[in-house]
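Please open the structure in a viewer and set the display to show both backbone and side chains. The tour below proceeds by selection, with a short account of what is found at each stop.

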Amino acid sequence: MNYDELLEIKQEKERGICNIPFGTLCRKQIDNKFVHVVELKPQLVDSLVFTEALKRECQENLTIKHPRQLHFEVIADSGGIYSYRLEAGNYQTLEQLLKDNPAIIAHSTWVEQLIEGLMELSDELERNGIFHLCFAPSNIFVRNSDHEVMLLNHGSYYQACRLDQLFQGCEDYLAPEVMQQATADSRSDVYSLGKLLVRLYADSVLPLELKAVVKKATAEKPEDRYASAGEMLETIKRRRQAKRGVFMGAGALFVTFLCVGLFFSLLPDAENVEFVNPAADQKVPVNEYGEELSPEELGLIAGDTLRVVDGDTVRVVEVPADADQRMKQYEAKAEQIFRKQYEKEADRILSKIYNKEHMNADEKAFMSQSKAVSEELAAAQSKIAESSHLSSETTQRIAAEIVEKITKRKQADIRPSKGIQK
């Protein structure tokens with residue numbers, strides 16, 4: 001990719017141009033206002049079946065009042081339908097957002113909100129007999145102002161067309177029955193949503209609570225999947241809640257043991273009195289990953305002690321008087337070290353694609369190297385995080401900030417100047 005092509009891409013971005021299955025999303029000035037317009041592919045303009053389906057969806061689309069549903073109106077003239085206009089707003093595709101700002105994936109809350117938003121809208125649509133069918137990033141829209149996810153055209157309106165051709169390039173997100181032109185329903189949406197989850201976590205590790213969900217959602221046979229997007233969402237919420245409950249339950253259990261232990265430790269010693277053999281000492285609870293919970297994680301305060309059995313050995317865990325302050329200082333120092341090490345590594349890795357030699361490569365080579373760089377960034381984050389002893393949420397947040405900062409700086413450094421000629 002040379003500088004002329006980069007300049008053209010920059011101009012396309014300024015005009016809001018994104019490729020979607022039905023054509024091209026771009027900004028146009030209509031009635032002295034800039035609006036987003038979808039210009040249809042030539043083969044779709046010539047298809048009477050498609051244009052009739054588009055007009056029908058346009059009419060019924062207005063009755064969908066969900067805030068994540070995009071509305072549109074057909075632009076027709078004597079020659080037919082060549083485009084349609086979206087409701088007021090500034091939009092881009094999820095695909096374009098991930099390409100321009102890959103670090104956004106590191107914000108786990110944003111990913112959770114994106115998935116929940118899509119599933120909630122899909123569940124409402126499914127109750128009205130409407131199925132989206134293709135949750136490819138190029139077929140999902142994002143509002144630029146707040147990155148809220150939105151949907152536009154729904155595949156079930158176009159089942160009279162060849163859906164594998166209509167959604168060409170998005171075949172990985174279509175359920176097997178959709179590709180075979182068989183009956184599609186809510187379970188087809190479940191399959192496509194499962195494939196979207198795989199794509200969102202392609203450059204990182206799929207969370208433990210989502211692995212079984214994705215496996216069931218993407219089953220080959222529809223009857224082996226979740227019955228609806230709503231059922232799939234409820235399962236995800238239950239698994240997330242159960243994961244949090246493990247930590248909360250372990251903490252509550254240790255606090256109980258602590259209170260009981262303190263009570264008996266305050267009782268006066270008695271001599272020459274026989275007691276029933278005491279219950280066996282309890283092992284210190286661990287989290288779901290087999291890691292022993294620290295006294296601070298159990299809610300113990302400075303100065304507390306806890307008797308813990310570890311195999312045949314009895315040891316006493318004590319929280320230092322200045323533990324809270326020391327922990328904050330330790331975490332701050334650990335964050336500082338992680339930032340310094342990761343920033344140096346990220347700068348080195350990102351330099352592989354943000355340089356003049358790489359920018360002159362062809363597009364295929366550029367995309368291939370970009371994917372390899374994303375994987376290398378994720379690997380570097382994991383490696384440095386292991387020695388930092390920081391939480392994964394903290395390292396992901398810091399890494400995302402650093403990648404975004406360095407990316408913007410390097411993009412600015414290689415941006416063509418006005419003096420460059422073709």
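The stops that follow cover two sheets, a cavity and a set of salt bridges in a predicted model.

**Stop 1: the five-stranded sheet**

Begin with the open sheet whose five strands follow the order β1-β2-β3-β5-β4, with antiparallel pairing. Its edges are formed by β1 (18-20) and β4 (72-77), each of which pairs on one side only. From one strand to the next, the twist averages 40°.

Select residues 18-20 together with residues 23-30, which display β1 and β2. These two strands are antiparallel and share three bridges. Within this pairing, T24 in β2 is the residue opposite N19. The connection between β1 and β2 is a hairpin that passes through two residues.

Next, extend the selection to residues 33-40, which make up strand β3. How many bridges join β2 to β3? There are eight, and the two strands run antiparallel. To view one position across this pairing, label R27 and H36: H36 in β3 stands opposite R27. The two strands form a hairpin with two residues between them. Centre the view on D31, which lies in that turn and has a positive phi of about 55°.

**Stop 2: the three-stranded sheet**

Now select residues 91-93, 141-143 and 149-150, which correspond to β6, β7 and β8. They form an open sheet in the order β6-β7-β8, and the pairing is antiparallel. Because β6 and β8 each have a single partner strand, one side of each is left without a neighbour in the sheet. Three bridges connect β6 with β7 in the antiparallel sense. One position to label is Y91, whose bridge partner in β7 is R143.

**Stop 3: a cavity**

The model holds two cavities of 30 Å³ or more. Turn to the second largest, which has a volume of about 30 Å³. Which residues line this cavity? Select I20, P21, F22, Y84, N139, F141, L152 and N153 to display the lining. By class, these residues comprise six nonpolar and two polar, with no charged residue. Two of the lining residues also belong to strands already visited: I20 is within the range of β1 (18-20), and F141 is within that of β7 (residues 141-143).

**Stop 4: salt bridges of helices α11 and α14**

The final stop concerns charged side chains. Side chains of opposite charge can pair when their charged atoms come close. The model contains 22 salt bridges, and a few of them are shown here.

Select residues 323-350, which form helix α11, and show the side chains of E345 and R348. They meet in a salt bridge of 2.4 Å, N to O. Since E345 and R348 are three residues apart in helix α11, about one helical turn separates them. E345 is partly exposed, at 25% relative accessibility, and R348 is likewise partly exposed, with a relative accessible area of 38%.

Keep helix α11 in view and add residues 392-414, which form helix α14. Show K410 and D347, whose side chains form a salt bridge at 3.6 Å, N to O. K410 lies in helix α14 and D347 in helix α11, so this pair ties together parts that are 63 residues apart in sequence. Is K410 buried or exposed? K410 is buried, with a relative accessible area of 11%, a value under the 20% limit for that class. Its partner D347 counts as partly exposed, at 25% relative accessibility.

Within helix α14, select K408 and E404, a salt-bridged pair whose closest N and O atoms are 3.6 Å apart. Both residues lie in helix α14, four residues apart, which is about one turn of the helix. K408 counts as exposed, at 53% relative accessibility, whereas E404 is partly exposed, with a relative accessible area of 29%.

To conclude, select E335, R339, R397 and E401, and display their side chains. These four residues are linked in a network of salt bridges.

Conventions:
Residues are numbered from 1 along each chain as its sequence is written. This is a predicted model: local features need pLDDT of at least 70, side-chain atom pairs count only at pLDDT 80 or more; totals for chains, interfaces and linings use all residues. Side-chain values use heavy atoms; hydrogens and water are left out. On a 1 Å grid over the protein atoms alone, a cavity is a set of points where a 1.4 Å probe fits but cannot get out, and a pocket is an open set with protein on both sides within 12 Å along at least five of seven lines; lining residues have an atom within 4 Å of a point. Grid points are joined across faces, edges and corners, and a volume is the space filled by probe spheres set on the points. Ala, Val, Leu, Ile, Met, Phe, Trp, Tyr, Cys and Pro count as nonpolar, Asp, Glu, Lys and Arg as charged, and the others, Gly among them, as polar. Buried means under 20% relative accessible area, exposed over 50%, partly exposed in between (1.4 Å probe, protein chains only). Two strands pair if DSSP finds at least two bridges between them. Axes are lines fitted to C-alpha atoms, for helices over the stretch in contact, and angles run from 0 to 180 degrees between N-to-C directions.
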